[in-house]
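The following report describes selected strand, helix and side-chain arrangements of one protein model. The sequence and structure are shown first.

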Amino acid sequence: MNLKKFAAVFAASFLVSAPVFAQATFVTVNGVAVPRYVADVLIEEQKAAGVPESAEMRDAVREALIRRELIVAEARRAGLEKKPEIQGMMENARLSVLVRAYIEDYLQKNPVSDADISAAYEMLKQQRGNTEYHVRHILVAEEKEAQEIIAKLKKGSKFATLAESSLDVASQGNGGEIGWMSPAAFVPPFAQALSQLQKGQYSQTPVQTDFGYHVIMVDDIRATEFPALEQVQGQIRQGLNQQKVENLLEGLRAKAVVK
């Protein structure tokens, strides 16, 4: 194994939770014993990354640990370990490992089920619907401004020209174009108004959201198919896991005594 390539992977090892291994010595550097379980963590990481376990890989782990121990010894001799900012970073790294270990353990004991994924999939599928709209809009601060824009459109003004004054800087230079979107991607008032428009139509009354007042136009409409469950189940599982962790934290936070 190329030691330079291994070094980049090795650097991330400080934030990985270690499984329980036998308390044996893997290598001794200037009288300092490096436990085997430290090496085993790195070996397992390499295997998880697709690197087959071999004598070469184990030698690379051994050399990386030797080099780390040599640098650590020099850092301690230089007194870096006693600096408050270094101690803070070391403590943060230690606690990050513990946090990650707990979350992984929690999710393992409270797994997302196939039924959970299927239910979430059906909900997302229903929310998105089977229609996408090619949308433009003009955003202004006051309802009167939106009414004036609608009046100009009725008199023949070009939507793209009027969009140059939009407060949405991301779309104002592109004729107000947002692109192909499902109504579910927008806040409810916008989504409701959008779904009532046909191809070539624009909203006849201002649409109010928390962002201001919108004049919406639909350039085109097309049918769309939601991805198959097999294509998105990994993303859904990840999202449900994140929600589980968020719910856990909210529960812990609600019971915590913070002063």
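## Strand β3 and its surroundings

Strand β3 pairs with strand β4 (residues 177-181) in the antiparallel sense, over 4 bridges. The model is a predicted one. Within this pairing, H134 stands opposite W180 of β4. The ring of W180 also has the charged end of R222 over it, at 4.0 Å from the ring centre.

β3 also pairs with β6, again in the antiparallel sense, over 10 bridges. Here Y133 stands opposite I221 in β6, and L139 has H214 of β6 as its bridge partner. Of the 10 residues of β3, 9 are buried, so the strand is largely enclosed by the rest of the structure.

β6 is in turn joined to β5 by 3 bridges, and these two strands run antiparallel. A hairpin through 2 residues connects β5 to β6. V207 stands opposite H214 in β6; H214 is thus named both here and as the partner of L139.

## Helix α6

Helix α6 comprises the 12 residues 143-154. Its end C-alpha atoms lie 17 Å apart, which agrees with the 16 Å that these residues should span at 1.5 Å a residue. The buried residues of the helix are A146, I149, I150 and L153. Viewed down the helix axis, the buried residues of α6 fall within an arc of 100°, so they line one face of the helix. An α-helix has 3.6 residues a turn, so residues three or four places apart point the same way.

The face of α6 turned away from the buried side carries K144 and K154, which are exposed. The cover over the buried residues of α6 includes β3 (131-140), α7 (159-162) and β6 (212-223). After α6 comes G156, which has a positive phi near 105°.

## Buried side chains beside the strands

Which residues does L194 touch, not counting residues up to four places away in sequence? They are Y133, V135, P183, F186, I216 and V218. L194 itself is located in helix α9 (residues 188-195). P183, one of these contacts, is 11 residues from L194 in sequence, and the C-alpha atoms of the two are 6.7 Å apart in space.

F186, another residue touched by L194, takes part in an aromatic arrangement. The count of aromatic pairs comes to 3. One of them is formed by F186 and F190, whose rings are stacked, with 4.4 Å between the centres and 20° between the planes.

S203 lies in the loop between α9 and β5 (207-209). With residues up to four places away in sequence left out, S203 touches I150, L197, H214, V215 and I216. Among these contacts, I150 is one of the buried residues of α6, and I216 is also touched by L194.

The relative accessible areas of four residues discussed in this section are tabulated below.

| Residue | Relative accessible area | Class |
|---|---|---|
| F186 | 17% | buried |
| F190 | 3% | buried |
| L194 | 0% | buried |
| S203 | 6% | buried |

F186 counts as buried because its value of 17% falls under the 20% limit for that class.

Methods. Residues numbered from 1 in each chain as written. Predicted model: local features only at pLDDT ≥ 70, side-chain atom pairs only at ≥ 80, totals over all residues. Heavy atoms only, no water. Phe/Tyr/Trp six-rings, centres within 6.5 Å; stacked < 30°, edge-to-face > 60°. Buried < 20%, exposed > 50% of the residue type's maximum accessible area, 1.4 Å probe, protein only. Lys NZ or Arg CZ within 6 Å of the ring centre and 35° of its normal. Expected span 1.5 Å × (residues − 1). Arc of directions from axis to C-beta. Contact = heavy atoms within 4.5 Å. Pairing = 2+ DSSP bridges.
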